[in-house]
Amino acid sequence: MFRLAWRNLLRTPGRSLTTLGVVALVVFLSLLFLSVYAGAFDAFLRLILERTGHLVVRVEGYREKEDLESLAFTPPPLDLPPGATLEGALEGAALLIAGERSRAVSLTGLEPEAFRREKRALSAGRLPEAPGEALLGEALARALRVGLGDEVVAYAPGGLGLGVYPFRVVGLLDLPETQLEARTLLVPLEDAQLLLAPGRVTLLRVWLPGVGLYEMAPLEALKGELSPRLPGLSVETWLEANPLYAALLPLYDVVMGVYVGIFFALAGLILLNALYLSLVERIREFGLLAALGLTGRRVMALVLWESLLLVGVGAGVGLLLGLGVHLTLADGFRLPLPQALLEQYREFGLPEVLYGRLSPKDLLLTLGYAVGVAVLAALWPAYLASRLEPVEAMRYVP
């Protein structure tokens, strides 16, 4: 049956090669799409992880609290694994004054390492290197009509700190959202503590060495160790601290499955057309085979074999091409976008170089679709072929 099916395909080489090429192209494009999309998704999540830390320590119920006094806490000693890094930050609100102008701002006190992560958003000037230096969003600087080297005063009365603190603008930030840019003020952590809450922070970030992007087990284990020792504080993994992105993660596989399914649905229609045309051209032949004793079930098997051979060879070619391109993408690639789109892309802090990723699950998904399409596209022509009456089929004139 296998040899007969193969011989039938060779009788119409043009149509067989066209169908095989379409299947190979769909498999190739599916692997390319999955590799690029996974690379972009990984880059986005790495950016979130880089800004959040593997674990985040905040006051319990922080999402329902608004005043700084209930959100700030004295950093407790943490027993962390070797190589882990700990970083504190203090977030609060203030009124920023420059001459006769003033704006309400979100003031964030950062440690030096956190400032280094903001360097990619720096559009002018430099990072703070000494107390009393600050970074302003470009829109905020325009609203206050200040530039590099100018002095601004942060005013935050009613808190635990001094309530007033002068800063010199040493750098401007180009952020993706204008509203965010118009209220962003970044200062050294020690200055923010003097202004708002001496010795306190509103969050602690923990980074663990050698933990992969999707490795949650070490994070959950450390969270389980730390939580009982930190009464009044909550410990969250980076996904728990970003519930919106945590909700998106399970949808990734579904979205990818739908997109790849659309590719294969189109390929399935082309395959169905090729098999049906082949059936119409060989009605008399099927009638003769039935008259010689070939049962309907074996006729169906013959058509299914033809479909599986076409899709199998095409999928193999597409798989080889797709894996070859993926190996190149896995070493790093730049998105072929116009310069204007690349500028917006950079503003979000996303890296220009992405790395393609294919998992065994992606390969199984692609091959599963290929086999499914081969079977489904062959069912109807195979059923029609198996129901042909020998005498009527042999009298058929196309």
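The dialogue below discusses how to read the cores, contacts, surface patch and salt bridges of this predicted model.

Colleague: Let us begin with the interior. Which residues have the most contacts inside the largest nonpolar core?

Modeller: A nonpolar core is a set of buried residues joined through their side-chain atoms. Here the largest one has 86 residues, and those with the most contacts inside it are Leu96, Leu107, Leu136, Val146, Leu185 and Trp238. Helix α2, residues 13–52, supplies the largest share of this core, with eleven residues. A second, separate core has 14 residues, including Ala89, Leu135, Val170 and Leu203.

Colleague: What does valine 146 touch, leaving out residues up to four places away in sequence?

Modeller: Valine 146 touches Ala98, Leu136, Ala141, Val152 and Val169 on that count. Leu136 and Val146 are both among the residues with the most contacts inside the largest core.

Colleague: I should like to follow single residues as well. Is phenylalanine 286 buried or exposed?

Modeller: The term buried applies under 20% relative accessible area. Phenylalanine 286 has a value of 3%, so it is buried. This residue is found in helix α10, residues 283–291.

Colleague: Which residues does phenylalanine 286 touch, if those up to four places away in sequence are not counted?

Modeller: Phenylalanine 286 touches Leu279, Val299, Leu302, Val303, Ala385 and Leu388. Take leucine 388 as the case for reading sequence against space: phenylalanine 286 and leucine 388 are 102 residues apart in sequence, while their C-alpha atoms are 7.6 Å apart.

Colleague: How should a buried polar residue be read? What does the side chain of serine 307 reach?

Modeller: One looks for the atoms that its side chain meets. The side chain of serine 307 reaches the backbone oxygen of alanine 374 at 2.6 Å. Serine 307 is placed in helix α11, residues 296–330, and is buried, with a relative accessible area of 0%. Not counting residues up to four places away in sequence, serine 307 touches Leu271, Leu275, Ala374 and Ala378.

Colleague: Turning to the surface, which helix contributes the largest share of the nonpolar patch?

Modeller: Helix α9, residues 243–281, contributes the largest share, ten residues. The patch is formed by Tyr37, Leu244, Leu248, Leu251, Val254, Val255, Val258, Tyr259, Ile262, Leu266 and Leu269, and together these residues have about 1,000 Å² of accessible area. Valine 258 may serve as an example: its place is in helix α9, and it is partly exposed, with a relative accessible area of 48%.

Colleague: Tyrosine 245 also interests me. Where does tyrosine 245 lie, and with which residues is it in contact, leaving aside neighbours within four places in sequence?

Modeller: Tyrosine 245 lies in helix α9. Its contacts on that basis are Phe44, Ile48 and Leu239. Tyrosine 245 is partly exposed, with a relative accessible area of 24%. Leucine 219 gives a further example of the two kinds of separation: leucine 219 and tyrosine 245 are 26 residues apart in sequence and 17 Å apart in space, C-alpha to C-alpha.

Colleague: Let us finish with charged pairs. How many salt bridges does the count give?

Modeller: A salt bridge requires a side-chain nitrogen of Lys or Arg within 4 Å of a carboxyl oxygen of Asp or Glu. The count comes to 13 salt bridges. In one of them, the side chains of arginine 229 and aspartate 79 meet at 3.8 Å, N to O. That pair links distant parts of the chain, 150 residues apart: arginine 229 is in the loop between α8 and β10, and aspartate 79 is in the loop between α3 and β2. Aspartate 79 is exposed, at 53% relative accessible area.

Colleague: Which residues are linked with Glu87 in a network of salt bridges?

Modeller: The network links Glu87 with Arg117 and Arg205. Within it, the side chains of glutamate 87 and arginine 205 meet at 3.5 Å, N to O. Glutamate 87 is in strand β2 and arginine 205 in strand β9, residues 203–207, with these positions 118 residues apart in sequence terms. Both glutamate 87 and arginine 205 are buried.

Colleague: What parts does the salt bridge between aspartate 253 and lysine 361 tie together?

Modeller: Aspartate 253 lies in helix α9 and lysine 361 in helix α13, residues 360–386, so the pair ties together parts 108 residues apart in sequence. The closest N and O atoms of this salt bridge are 2.9 Å apart. Aspartate 253 counts as partly exposed, at 40% relative accessibility, and lysine 361 is likewise partly exposed, at 48%.

Note on methods
Residues numbered from 1 in each chain as written. Predicted model: local features only at pLDDT ≥ 70, side-chain atom pairs only at ≥ 80, totals over all residues. Heavy atoms only, no water. Core = buried A, V, L, I, M, F, W, Y, C linked by side-chain atoms within 4.5 Å. Buried < 20%, exposed > 50% of the residue type's maximum accessible area, 1.4 Å probe, protein only. Helix = DSSP H or I, 4+ residues; strand = E, 2+ residues; numbered from the N terminus. Contact = heavy atoms within 4.5 Å. Patch = residues over 30% accessible without salt bridge, like charges linked within 9 Å, V, L, I, M, F, W, Y side chains within 5 Å. Areas by Shrake-Rupley, 256 points an atom, 1.4 Å probe, with all protein chains shown as cover. Polar contact = N/O pair within 3.5 Å; in protein donor to acceptor, adjacent residues only side chain to side chain.
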